[in-house]
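Student: I should like to work through this entry by question and answer. May we begin with a single residue and then proceed to the wider arrangement?

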There are 2 protein chains.
Amino acid sequence: MKKDTLLSISEKTGFSISTVSRVLSGKGPQYRICQKTIDYITEVAQSCNYMPNLIAQSLRTNKTNTIGLTVPNIDNPFFSTLAAVIINQTKRLGYNILLTDTMENEENEVQAINSYVSRSVDGIIAVPVGSAPDYLETVARNIPLILIDRYFDNTSLPYVCTDNYSGGYMAAEHLVNKGYRNLMAIQGVPTSMPNKERHRGFAQAVADYAERGVRARVAGDSFSVDNGYREAVAALTSEDKPDAIFVFSTTILLGVIKAAKELQLRIPEDVAVISFDNNRFLDYIDPAITRVEQPVNTIGKLATDNIVRMIEKGDDKAIITPQILVRPALIEGRSC
Amino acid sequence: MKKDTLLSISEKTGFSISTVSRVLSGKGPQYRICQKTIDYITEVAQSCNYMPNLIAQSLRTNKTNTIGLTVPNIDNPFFSTLAAVIINQTKRLGYNILLTDTMENEENEVQAINSYVSRSVDGIIAVPVGSAPDYLETVARNIPLILIDRYFDNTSLPYVCTDNYSGGYMAAEHLVNKGYRNLMAIQGVPTSMPNKERHRGFAQAVADYAERGVRARVAGDSFSVDNGYREAVAALTSEDKPDAIFVFSTTILLGVIKAAKELQLRIPEDVAVISFDNNRFLDYIDPAITRVEQPVNTIGKLATDNIVRMIEKGDDKAIITPQILVRPALIEGRSC
DNA sequence: TCCGTTTGCGCAATCGTTTGCGCTTTATAT
DNA sequence: ATATAAAGCGCAAACGATTGCGCAAACGGA
């Protein structure tokens with residue numbers, strides 16, 4: 001039971017490979033192949049369940065209908081949701097996804113993208129894990145590439161990211177409006193772009209409201225439960241206990257919650273908490289957590305739509321390099 | 001800046017395409033190509049950053065180093081974790097993953113797998129969403145295929161799944177041991193294999209402990225928050241209020257929690273709860289939820305190891321069709 | 001000197017498609 | 001009737017890599 005090919009069908013029907021190819025790829029009319037022939041070939045092909053060999057097709061046309069996607073950690077709900085959106089959206093547009101988990105490791109990223117290049121993917125969507133855009137820039141010269149979630153500010157690489165600055169600002173502002181004055185932020189990896197922006201937004205808000213007596217401190221160094229726990233314990237047992245904490249991720253949040261429980265502090269009575277990233281579970285923690293939600297759906301949709309546009313534009317001089325920031329939204333729980 | 005090919009390198013070095021190919025694929029010594037030539041060609045190739053065109057390679061060798069993976073809903077933490085394990089494990093073994101989200105839709109599944117076949121993937125790992133194995137069986141005749149999470153009991157398709165029967169049994173037994181007698185199970189889709197097995201295990205345990213006065217009811221029909229909520233409200237406000245509830249998924253659990261909160265019932269004092277599937281957040285819900293954890297890592301690892309073994313065995317007569325059930329584990333919280 | 005081996009490498013077919021070009025045959029115009 | 005155009009299809013060259021087979025040169029032994 002060998003697989004059928006254009007050749008086998010051409011033998012079965014008596015027409016040449018070319019004709020069969022044209023008919024089966026829908027170009028029959030375009031090449032003025034008569035309807036009878038078209039119908040006949042189509043029927044034979046269907047009856048033997050012909051499926052074109054996409055590998056051969058790709059080799060010839062240099063189009064794979066495949067998009068490479070790299071994420072730093074697919075096990076993180078934020079990225080798995082993002083991946084889900086992208087996978088579904090690209091499928092709708094006729095593309096398959098090659099997915100790699102780079103595990104926040106730049107070497108893995110380079111490997112993955114090299115493999116994508118070798119496989120002639122039509123485009124690449126990446127959450128970059130490195131700090132320098134050089135490598136990605138050379139790749140982007142040959143293949144449509146779009147960054148998501150993180151970007152480099154010294155390049156023209158296209159990206160779609162959350163406006164983390166606004167997110168940080170909104171969080172601080174919300175706390176201020178709720179009456180808190182002695183704020184604290186527990187951050188993740190300080191060098192990462194989203195972290196820097198959240199920090200910047202937070203600091204700006206604090207500065208803007210300084211006249212109302214708002215002050216703040218910032219601590220922490222990783223997006224982990226443990227980091228949240230350690231910093232929370234330290235701050236909450238210090239002389240100058242903060243009355244509200246802004247955590248930069250859900251993992252950090254969990255650490256803070258653990259700390260508060262251990263210290264017998266109640267949220268929000270003893271200390272308010274506002275988090276970053278959305279998650280269904282946050283509504284079921286007691287109290288439901290107020291958080292700044294990243295617009296995952298929008299990011300995924302914009303990224304895929306744009307990459308596909310870039311792919312299908314071809315070599316047009318008018319290169320599109322969208323650089324998009326999407327504003328996050330505040331979801332109120334009862335933790336402030 | 002065109003991409004280098006064997007041809008371009010053969011021109012640069014003056015050697016034939018064949019020689020270049022053999023050298024660059026490491027078969028130089030095997031073909032008795034002299035060391036000087038090998039070194040020279042290698043150096044030239046490196047200097048111009050040659051990367052083989054995997055498409056052409058695949059067409060010729062009929063090997064893509066790609067594995068197709070389908071999951072019903074990548075946004076579900078269980079599946080995203082599973083996918084993460086598989087992605088990382090296959091990468092380690094030299095394979096890339098083509099990922100599709102079938103959205104619990106059989107038509108999508110067929111489409112995805114057809115696309116995998118067209119793309120000549122080396123193997124397929126699938127969480128089947130349909131009820132009949134026929135289609136998958138025909139595919140499996142040509143391509144190594146392994147099922148995960150769900151299986152069909154009337155076929156010889158290889159699979160790696162949680163022993164859901166044991167999981168159901170363990171849950172009921174745990175409740176009994178904690179002293180509960182009037183049990184309730186809220187199930188998901190009754191026709192799905194994991195659901196059936198959990199149900200069967202649960203019922204068996206109840207029967208086994210009937211002499212101790214254990215009795216139980218089963219309700220529900222979908223793996224959704226809403227289903228959990230509805231059934232919990234109905235049962236908890238009924239004459240015969242259950243004293244312990246076994247939910248078949250985390251989503252159902254959330255519905256139950258919502259119901260309990262609304263009815264002002266305390267967990268576990270007023271009603272105990274035990275859930276299925278693990279999730280970091282379950283430790284941060286109040287109280288931490290006792291649950292039966294599916295061995296995601298083991299499943300992912302076994303599935304990839306086996307699919308790779310099947311792939312690399314080739315056409316050996318000794319066809320391997322492992323059918324593996326992995327026992328889940330109980331994680332105790334404070335909800336019982 | 002002649003022949004058999006070994007060494008070192010190239011020829012050309014092949015994988016399954018796509019597509020520019022051109023070859024027939026039939027229809028239309030003059 | 002002849003020229004021209006259109007309709008209907010096939011030839012063969014790509015795409016880039018792999019590989020069975022075989023050729024030539026060098027070497028050794030008799």
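Student: Is Asn227(A) buried or exposed, and what is its relative accessible area?

Tutor: The model is a predicted one. Asn227(A) is found in helix α10 of chain A. Residues count as buried under 20% relative accessible area. Asn227(A) is therefore buried, with a relative accessible area of 0%.

Student: Which residues beyond its neighbours within four places in sequence are in contact with Asn227(A)?

Tutor: Asn227(A) and Gly255(A) are 28 residues apart in sequence, and their C-alpha atoms are 6.9 Å apart in space. Leaving aside neighbours within four places in sequence, the residues in contact with Asn227(A) are Ile186(A), Gln187(A), Gly220(A), Asp221(A), Ser222(A) and Ile252(A).

Student: Which elements of chain A do the buried residues of α11(A) pack against?

Tutor: Helix α11 of chain A covers residues 250-262 and reaches 19 Å from its first C-alpha to its last, close to the 18 Å expected. Of its 13 residues, 10 are buried, among them Ile252(A), Gly255(A) and Ala260(A). The elements of chain A against which the buried residues of α11(A) pack are β6 (182-186), α10 (225-236), β8 (244-247) and β9 (272-276).

Student: Where in chain A is Pro268(A) placed?

Tutor: α11(A) is followed by Gln264(A), which has a positive phi near 60 degrees. The peptide bond from Ile267(A) to Pro268(A) is cis, with omega near 5 degrees. The place of Pro268(A) is the loop between α11 and β9 of chain A.

Student: How many residues of domain 2 and of domain 3 of chain A are in contact with each other?

Tutor: Chain A is divided into domain 1 (6-52), domain 2 (64-162 + 296-328) and domain 3 (164-293). The C-alpha centres of domains 2 and 3 of chain A lie 30 Å apart. Across this pair, the residues in contact are 10 from domain 2 and 11 from domain 3.

Student: Turning to the nucleic acid, which elements give two or more residues to the surface near DNA strand C?

Tutor: A phosphate oxygen of DNA strand C is 2.8 Å from an N or O atom in the side chain of Ser21(A). The bases are also approached: a base nitrogen of strand C is 2.8 Å from a side-chain N or O atom of Ser18(B), and a base oxygen is 3.0 Å from a polar side-chain atom of Arg60(B). The elements giving two or more residues to this surface are α2 (17-24) and α4 (54-61) of chain A, together with α2 (17-24) and α4 (54-61) of chain B.

Student: What percentage of the atoms of DNA strand C that come within 4 Å of the protein do sugar and phosphate account for?

Tutor: By class, the surface near strand C has 11 nonpolar, 11 polar and six charged residues. Of the 28 residues around DNA strand C, those that come nearest are Leu6(A), Arg60(A), Thr19(B), Arg22(B) and Arg32(B). Among the strand atoms within 4 Å of the protein, the sugar and phosphate share is 55%.

Student: Which element provides the largest share of the surface near DNA strand D?

Tutor: DNA strand D is surrounded by 29 residues, the closest being Thr19(A), Arg22(A), Leu6(B), Lys27(B) and Arg60(B). Sugar and phosphate make up 52% of the atoms of strand D that come within 4 Å of the protein. The largest share of the surface near strand D, five residues, comes from α4(B).

Student: Which residue has a polar side-chain atom 3.1 Å from a base nitrogen of DNA strand D?

Tutor: Two backbone groups approach phosphate oxygens of strand D: an N or O atom of Cys34(A) at 2.8 Å, and a polar atom of Asn53(B) at 3.2 Å. The side-chain approach to a base nitrogen, at 3.1 Å, is made by Arg60(A).

Student: Is Asp149(B) buried or exposed, and what is its relative accessible area?

Tutor: Asp149(B) is placed in the loop between β4 (145-148) and β5 (159-162) of chain B. Although Asp149(B) is not a glycine, its phi is positive, at about 70 degrees. Asp149(B) is buried, with a relative accessible area of 4%.

Key: Residues are numbered from 1 along each chain as its sequence is written. Chains are lettered from A and ligands numbered from 1 in the order in which they are written. This is a predicted model: local features need pLDDT of at least 70, side-chain atom pairs count only at pLDDT 80 or more; totals for chains, interfaces and linings use all residues. Side-chain values use heavy atoms; hydrogens and water are left out. A residue is near a molecule or strand if one of its heavy atoms lies within 4 Å of it. A polar contact is a pair of N or O atoms within 3.5 Å; within protein, one must be able to donate a hydrogen and the other to accept it, and residues adjacent in sequence count only if both atoms are side-chain atoms. Helices (H or I, at least four residues) and strands (E, at least two) are DSSP runs, numbered from the N terminus. Ala, Val, Leu, Ile, Met, Phe, Trp, Tyr, Cys and Pro count as nonpolar, Asp, Glu, Lys and Arg as charged, and the others, Gly among them, as polar. The expected span of a helix is 1.5 Å times one less than its number of residues. Buried means under 20% relative accessible area, exposed over 50%, partly exposed in between (1.4 Å probe, protein chains only). Contact means heavy atoms within 4.5 Å. Domain bounds come from an automatic or database domain assignment.
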